[in-house]
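Visitor: I should like a close look at one part of this protein, namely its pockets. Please set them in the context of the whole chain.

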Amino acid sequence: MVVFQYGSAVLFNIEDHEAVNYLETIRRHASGFLPEMRKDDYAVKEKPLLVDDMQGGQDYIILKNLDIDSIRIIGNVLGQSIALDYFVSQVDGMVEEFADINRGMEKTGSFTMDRKKLFQLVGKANSNLADVILKVGLFDRSEIAWREAKYAQIFEYLREEYEVTQRFGNLDFKLKFVEHNIHFLQEVLQNRKSNLLEWCIICLLSIQNVVSVYEIVLDSAAPPI
C-alpha cells in the first residue's frame, strides 16, 4: 500500500474485500475527507521471461521484474492520476457555475453575484492550480526514473497511458476560462462601485446646492435691519 499526503492511496495485490480494511486504517490517520471516493483499477503483471523490460497494454502493464522501485513508480503515477481527476471535477464545477452566470447575463443583462462570492471563486481557482503543481507534484522529476532507464520507460509509458500532460493542459485551459470570467466580473463590480460613488457625489452636490439656494432665499426674504 502506498499513501500520498495529497490524499491518494494505491493498493497492490489486495482483494476488494480486503481493501476496505486498509482504507479504514488510512481514515483513522487522515483528515479532510471528500464526500465521494474516486477509484481506478490497473493490472500489473510480472513475467521474468519477457524479452524487454516492460510491455504495455489496455489497462495493464507487464514487467520483466517487479521490484520496490517499479511499485513506487507505478504508485506515483496512479496516485497523481486519481488526484488529477478530483481537481478536474472541482474546476468543472467552477466552469459550470460561470456558464450559468453567463447564461443568466444573456437573458437579463445583469448578474447578482456579490464580491465575497467572487473572491471565494478566485481563491478556489488559485488553490486548485497550486495544489496540482505543488502538492501532487505533477511535474516533479522522479529520482528513480532519472537514475535508471528501465524505470524511466515505465514512468513515461504510464504518464502517456493516463494522459497526464494532456489532462493537465485541459485543466489549465478551463482555469484560464475561469480566470477570464473572474476578471470580467471584477470589472463589472468595480464599475458598479464607481457608479455608486458617482451618484453619491451627485446627491451630495445636489443637497449642497439646495441648502445654498435655501440660504439665499432666506437672506433675500429677511427684512432689512
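Guide: Of the 225 residues of the protein, 30% count as buried in this predicted model. Its secondary structure comprises six helices and five strands. Along the sequence, these elements follow the pattern β-β-α-β-β-β-α-α-α-α-α.

With this outline in place, the pockets may be considered in turn. The largest pocket holds about 1700 Å³ of space. It is lined by 48 residues, of which Gly7, Ser8, Ala9, Val10 and Arg38 are the closest to its centre. Several elements of secondary structure take part in this lining: strand E2 (9-10), helix H1 (16-28), strand E3 (43-46), helix H2 (68-108) and helix H3 (115-135) each provide at least two residues. Among the contributors, H2 gives the most, with nine residues. As to chemical character, the lining of the largest pocket consists of 27 nonpolar, eleven polar and ten charged residues.

The second largest pocket has a volume of about 250 Å³. Its lining is formed by 13 residues, and the closest to its centre are Phe4, Arg72, Asn76, Gln80 and Ser142. Here, too, helix H2 should be noted, since the largest share of the lining of the second largest pocket, four residues, comes from H2. The lining of the second largest pocket divides into five nonpolar, four polar and four charged residues. Helix H2 is thus the element that gives the most to the lining of the largest pocket and the largest share to that of the second largest pocket.

Two further places, one buried and one on the surface, complete the picture. Val178 is located in helix H6, which covers residues 164-221. Val178 counts as buried because its relative accessibility is 0%, and the term buried applies under 20%. Val178 and Glu96 are separated by 82 residues in sequence, while their C-alpha atoms are 9.7 Å apart in space.

At the surface, Met1, Val3 and Tyr22 make a nonpolar patch of about 280 Å². Met1 belongs to the segment before strand E1 (2-3). Met1 has a relative accessible area of 45% and is therefore partly exposed, as this value lies between the limits of 20% for buried and 50% for exposed. A residue of a patch must have over 30% relative accessible area, and the 45% of Met1 satisfies that condition.

Technical notes. Residues are numbered from 1 along each chain as its sequence is written. This is a predicted model: local features need pLDDT of at least 70, side-chain atom pairs count only at pLDDT 80 or more; totals for chains, interfaces and linings use all residues. Side-chain values use heavy atoms; hydrogens and water are left out. Patches are made of residues with over 30% relative accessible area and no salt bridge: like charges are joined within 9 Å, nonpolar side chains (Val, Leu, Ile, Met, Phe, Trp, Tyr) within 5 Å. Accessible areas come from the Shrake-Rupley method with a 1.4 Å probe; for residues, only the protein chains shown count as cover. A salt bridge is a side-chain nitrogen of Lys or Arg within 4 Å of a carboxyl oxygen of Asp or Glu. Buried means under 20% relative accessible area, exposed over 50%, partly exposed in between (1.4 Å probe, protein chains only). On a 1 Å grid over the protein atoms alone, a cavity is a set of points where a 1.4 Å probe fits but cannot get out, and a pocket is an open set with protein on both sides within 12 Å along at least five of seven lines; lining residues have an atom within 4 Å of a point. Grid points are joined across faces, edges and corners, and a volume is the space filled by probe spheres set on the points. Ala, Val, Leu, Ile, Met, Phe, Trp, Tyr, Cys and Pro count as nonpolar, Asp, Glu, Lys and Arg as charged, and the others, Gly among them, as polar.
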